[in-house]
Amino acid sequence: MLRTGLFLFFSIICTADAAVPSVKVLIAKSLNNVVVEGMDLQKTVKDSRRSKQYSGRKSLAFNCGSRKTLGSNKNSILVASLSSPTGLISWGRHKYQGELQLLTAGTNERCDLVNSIPLEAYITTLLAKEMHGSWPVEALKAQAVAARTYAYERLKKSHTGKLYDLESSEKDQVSGTFFDATENTLKASKDTEGEILIGPSGKISPAFFHSKCGGKTLRPDQVWGGVEEGYRSVNCTFCKKTGLKDWNGKIQNKKLVNMVDQVLKKYYSDTVTDHNLKLMPDSLHNSEIRLYAGDRLHIIKKSYLRNTVGRDVLPSNNFIMTAKNNEFKVEGQGYGHGVGMCQLGALELAKRGYDYKQILSFYFPRHRIMTAYRQ
Ligand SMILES: [Zn+2]
């Protein structure tokens, strides 16, 4: 049950002054060839600082397997920037707003492609991918503020010379293309323009979100180890009836030894020295499992186990492990890392009539909204 009083302090702090910033999003990696198309294309070749304008509709092809195209520099560098006065440019079947930038992909004779796009346009396309373009506007507005905060924090953190701010992938957040924007995503972005979350000290902290918590959200330190201010684990029953049902699976002793060994090597500079595993009692909301390998106790974060074995085996970090004979059983709830806003919970709250500030204050109870910029 939500307490109305919880939301009263969640007012918006207005300190907006700057114009809408642009964010550089890595949209594709290790390409052999890149063909971009658009009206009256403008191409700027960065190393020689030459610029060329083409008239009418034009396709430009870049052969990334050729050192002639990429030059001899083995570090990733900006090869060319391409834009159109129409504001739209195509790569294959996808249409993008802003500018497309071609980078060399490190030592590979391949290209990476970056979309430099105004942050608000980025949010309108992202909402359809991270949620759904037809979801209630208040859920989309909550997602817009969280996703904008994530991107803005990365933008502010980026140091000079970095060629992009974030990736369009589950590593950061998944953005879409021009045609992914819907009436609802445009409204959600416009109504929250420039709004971001700040922590109790006024610092911009990354706002995380995930598909379905399954009953309780997690703090960043429970999953990744790093502490981010203001986060709390909150009980969420709102996602229970939607999305992936509770899941379970079995892991044989031999396989678990292998999994634990990989985790120990990757995260703890250790290794399994005895294949006789004994699991200590676990509970659903323990963020770590405790097990003995012979007479040595290992305490392992569940999220490290999930990162190592993959989402097919462990869809969420919210699981309990039990041992029976020579087999281990995992039973879990939810989908995703579990930190911050539960998207299916936000959907249900919006359906029940809660607005985006109430949704955000439920999942980020110690954060506040600040307007970072406004046109
Ligand atoms: Zn939830």
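Student: What share of the 375 residues of the chain counts as buried?

Tutor: In this predicted model, the buried residues make up 49% of the chain's 375. A residue earns that word when its relative accessible area is under 20%.

Student: How do you know that the size of the chain agrees with a compact globule?

Tutor: We set two numbers side by side. For 375 residues, a compact globule would have a radius of gyration near 21 Å, and the chain has 23 Å, so the two agree. The C-alpha trace spans about 70 × 55 × 35 Å along its principal axes. Within the chain there are nine helices and 22 strands.

Student: What percentage of the contacts between residues at least 6 apart in sequence join residues at least 24 apart?

Tutor: That figure is 68%. Contact here asks for heavy atoms within 4.5 Å.

Student: What makes strand 4 and strand 7 a pair?

Tutor: Count the bridges. A pair needs at least two, and strand 4 (residues 42-45) has four with strand 7 (residues 78-83), therefore they pair. These strands run antiparallel, and Q42 stands opposite S83. Strand 7 also has four bridges to strand 10 (residues 99-104), again in an antiparallel arrangement. There, S81 stands opposite Q101.

Student: Why is the arrangement around the zinc ion called tetrahedral?

Tutor: Look at the donors, then at the angles. The protein donors are the SG atoms of C213, C236, C239 and C342, lying 2.3 to 2.4 Å from the zinc ion. A donor must be within 2.8 Å of such a metal, so these four atoms qualify. For four donors to be tetrahedral, all angles must lie between 85 and 135 degrees. Here they are 103 to 116°, so the name fits.

Student: Where do these donors of the zinc ion come along the chain, and what is their spacing?

Tutor: The spacing reads C-x22-C-x2-C-x102-C. C213 is in the loop between strand 14 (209-210) and helix 5 (220-223), while C236 is in the loop between helix 5 and strand 15 (247-252), so this pair ties together parts 23 residues apart in sequence. Both C213 and C236 are buried.

Student: Why is the contact of E167 with K29 called a salt bridge?

Tutor: The closest N and O atoms of E167 and K29 are 3.5 Å apart. The cut-off is 4 Å between a side-chain nitrogen of Lys or Arg and a carboxyl oxygen of Asp or Glu, so the pair passes. E167 belongs to strand 12 (residues 166-167) and K29 to strand 2 (residues 22-31), distant parts of the chain that are 138 residues apart. The structure holds 14 salt bridges.

Student: And which class, buried or exposed, does E167 belong to?

Tutor: Its relative accessibility is 9%, which is under 20%, so E167 counts as buried.

Student: Why is E138 called partly exposed?

Tutor: E138 has 23% relative accessibility, which falls between the 20% and 50% limits, so partly exposed is the right name. Its salt-bridge partner K141 has a relative accessible area of 9% and is therefore buried. The closest N and O atoms of E138 and K141 are 3.1 Å apart. Both residues lie in helix 3 (residues 137-157), three residues apart, about one turn of the helix.

Student: What parts does the salt bridge of R296 and D270 tie together?

Tutor: The side chains of R296 and D270 meet at 2.7 Å, N to O. R296 lies in strand 18 (residues 296-301) and D270 in the loop between helix 6 (253-268) and strand 16 (277-279), so parts that are 26 residues apart in sequence are tied together. R296 has a relative accessible area of 33%, so this residue is partly exposed.

Student: How do you know that helix 7 is mostly covered?

Tutor: Six of the eight residues in helix 7 (residues 302-309) are buried. They are K302, S303, Y304, L305, R306 and T308. These buried residues pack against several elements, including helix 5, helix 6 and strand 18.

Student: Why is Q333 called buried?

Tutor: Q333 has a relative accessible area of 15%, under the 20% limit, so this residue is buried. Q333 sits in the loop between strand 20 (327-332) and strand 21 (341-342). Beyond its neighbours within four places in sequence, Q333 is in contact with several residues, among them C213, W247 and L284.

Key: Residues are numbered from 1 along each chain as its sequence is written. This is a predicted model: local features need pLDDT of at least 70, side-chain atom pairs count only at pLDDT 80 or more; totals for chains, interfaces and linings use all residues. Side-chain values use heavy atoms; hydrogens and water are left out. Helices (H or I, at least four residues) and strands (E, at least two) are DSSP runs, numbered from the N terminus. Buried means under 20% relative accessible area, exposed over 50%, partly exposed in between (1.4 Å probe, protein chains only). Donors are N, O and S atoms within 2.8 Å of the metal (3.2 Å for Na, K and Ca); water is not among the atoms, so sites may look incomplete. Four donors count as tetrahedral if all angles lie between 85 and 135 degrees; four count as square planar and six as octahedral if opposite donors are over 155 degrees apart and all others between 65 and 115; anything else is irregular. The radius of gyration is taken over C-alpha atoms; the globule rule is 2.2 Å times the number of residues to the power 0.38.
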